[in-house]
Each structure stands twice: as structure tokens, then as C-alpha cells.
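Me: I have a structure open here and would like to talk through how its features get their labels. Could you take me through the reasoning, one label at a time?

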Amino acid sequence: MEVQQKEQEVFICQTKYAKEILKKFRMDECKFATTAMGKNEKVDKEDVVEKVDETLYRSLVSCLIYLTTTRPDILYYVSMLSRFTNCATKTHFIAAKRVSRHVRGTLDYGIKFSASQDCVLLGYSDSDHGGSDDMKNTSCYCFNLESGMFSWYCKKQEVVANHL
């Protein structure tokens, strides 16, 4: 993790680690993606496309999980991809590579904390309302203190929500 400190701000990122991930998976020269996942792209368990090397897929997703320490912008997508580490298909691997391509184009992203007179706490939450193949919600939240996000979470719920 890299920490850059200036007079009124602190910026944390993992630029070097992100470059190492890209190099490890031979994506350091790839074309970058502006978004981590396509607009109508969906990954699910019932994918009938050919299976891929699960060790390679697991390794890529594990690296991306560690990268979410300073990159909450990819947390939801990485969380979704981590569900398929034991049944990865070509579709899942392509989606994981797209997240990596997005990281390639956003190497300088991280979290910035700035000093300020007013201290404002903001919280956001969202759910995909049963968007997965088993109808279980994926819930996410994040909290910002002024300019920097300090807490974030994304998890698939264990039970199906009752939709009335």
C-alpha cells in the first residue's frame, strides 16, 4: 500500500500492486476499459460456456480482492466474481479480465482524505434486490468522512428476502 502525504491531505493507493497484477496476468499492455463491468453484463452459475483453469481464475480474483483495500469502486464486481471460484467458466474469466482492464485505465485511483473545517459523515447503501440466479440480494454500503471513504462492504445475503 502506498501512502502519499501532503500538508492538508493523505492519499492511499496500490498503484504498484495493481501494476504487478497486470504484469502477472500479462495484461500490462492491454487496452483499458472505462467501466469494470458492461452495462448489461451478468455472470451467473448456470453459465454453460466451457470451464477454465480454476487455479488461474482464483488467483486473479484473489489479487483483485486484495486490491479492493483501496479501490471500493471495484468491490461489487469483484464480490460477484468471487462467487464462482469453484465453477469458473470462460464468461467469468472474461468478466474478471474486464475488471483488470478497468484497473489498467485507473491505476492512479485510491482514497484521499483531506483536512477540512466541517466534518460531514455520509453513508450510502444499495441492494440488487435478488439480482443473482438464486434470488438472494447483494447488499453494499459505504461511509465517507468528508472526502475519503473509510468503510465499505459488499455481501450476498444468506437467505432470500421476502418481497411483498
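Me: What makes Tyr76 count as buried, partly exposed or exposed?

Reply: Happy to help, and please keep in mind that this is a predicted model. Tyr76 has a relative accessible area of 28%. Buried means under 20% and exposed means over 50%, so Tyr76 is partly exposed.

Me: And what about Tyr77, which label does its relative accessible area give?

Reply: The value for Tyr77 is 24%. With the buried label kept for values under 20%, Tyr77 is therefore partly exposed too.

Me: How do you know what kind of pair the rings of Tyr76 and Tyr77 make?

Reply: Their centres lie 5.6 Å apart, and rings pair when the centres are within 6.5 Å. Their planes stand at 80°, and over 60 degrees counts as edge-to-face, so that is the name for the Tyr76 and Tyr77 pair.

Me: How many aromatic pairs does the structure hold?

Reply: There are five aromatic pairs. Another one of them joins Tyr17 and Tyr66: the ring centres are 5.1 Å apart and the planes are at 80°, so this pair is edge-to-face.

Me: Why can one say that the pair of Tyr17 and Tyr66 ties together parts that are apart in sequence?

Reply: Tyr17 sits in helix α1 (residues 15–24), while Tyr66 belongs to helix α2 (residues 54–67); the pair therefore links parts that are 49 residues apart in sequence. Tyr17 is partly exposed at 22% relative accessible area, and Tyr66 is partly exposed at 44%. Elsewhere, Tyr141, Phe143 and Phe150 form one aromatic cluster.

Me: How do you know how many disulfides there are?

Reply: The rule asks for two cysteine sulfur atoms within 2.5 Å, and by it the count is zero. For Cys13, the nearest cysteine sulfur is that of Cys63, 17 Å away, and Cys13 is in no disulfide. For Cys30, the closest cysteine sulfur is also in Cys63, at 15 Å, which is too far for a bond.

Me: Why are Cys13 and Cys30 called buried?

Reply: The limit is under 20% relative accessible area. Cys13 has 1%, so it counts as buried; Cys30 has 17%, so it is buried as well.

Me: Which residues line the largest cavity, and what is its volume?

Reply: Cys13 appears again here, together with Gln14, Thr15, Ala18, Leu67, Arg71, Leu107 and Tyr109. The largest cavity has a volume of about 30 Å³, and a search of the whole structure finds one cavity of 30 Å³ or more. By class, its lining has five nonpolar, two polar and one charged residues.

Me: What lines the largest pocket, and how much space lies in it?

Reply: The space in the largest pocket is about 230 Å³. Of its 15 lining residues, Pro72, Asp73, Leu75, Tyr76 and Cys140 are the closest to the centre. Two or more residues come from each of α3 (75–82), β4 (121–127), β5 (138–145) and β6 (148–156), with β6 giving the largest share, four residues. Twelve of the lining residues are nonpolar, one is polar and two are charged.

Me: Which elements build the largest nonpolar core?

Reply: That core has 26 residues, and Tyr57 and Leu81 have the most contacts inside it. Helices α1, α2, α3 and α4 (90–105) each give two or more residues, and the largest share, six residues, comes from α2.

How values were computed: Residues are numbered from 1 along each chain as its sequence is written. This is a predicted model: local features need pLDDT of at least 70, side-chain atom pairs count only at pLDDT 80 or more; totals for chains, interfaces and linings use all residues. Side-chain values use heavy atoms; hydrogens and water are left out. On a 1 Å grid over the protein atoms alone, a cavity is a set of points where a 1.4 Å probe fits but cannot get out, and a pocket is an open set with protein on both sides within 12 Å along at least five of seven lines; lining residues have an atom within 4 Å of a point. Grid points are joined across faces, edges and corners, and a volume is the space filled by probe spheres set on the points. Ala, Val, Leu, Ile, Met, Phe, Trp, Tyr, Cys and Pro count as nonpolar, Asp, Glu, Lys and Arg as charged, and the others, Gly among them, as polar. Rings of Phe, Tyr and Trp (its six-membered ring) pair if their centres lie within 6.5 Å; planes under 30 degrees apart count as stacked, over 60 as edge-to-face and the rest as tilted. Buried means under 20% relative accessible area, exposed over 50%, partly exposed in between (1.4 Å probe, protein chains only). A nonpolar core is a set of buried Ala, Val, Leu, Ile, Met, Phe, Trp, Tyr and Cys residues joined through side-chain atoms within 4.5 Å.
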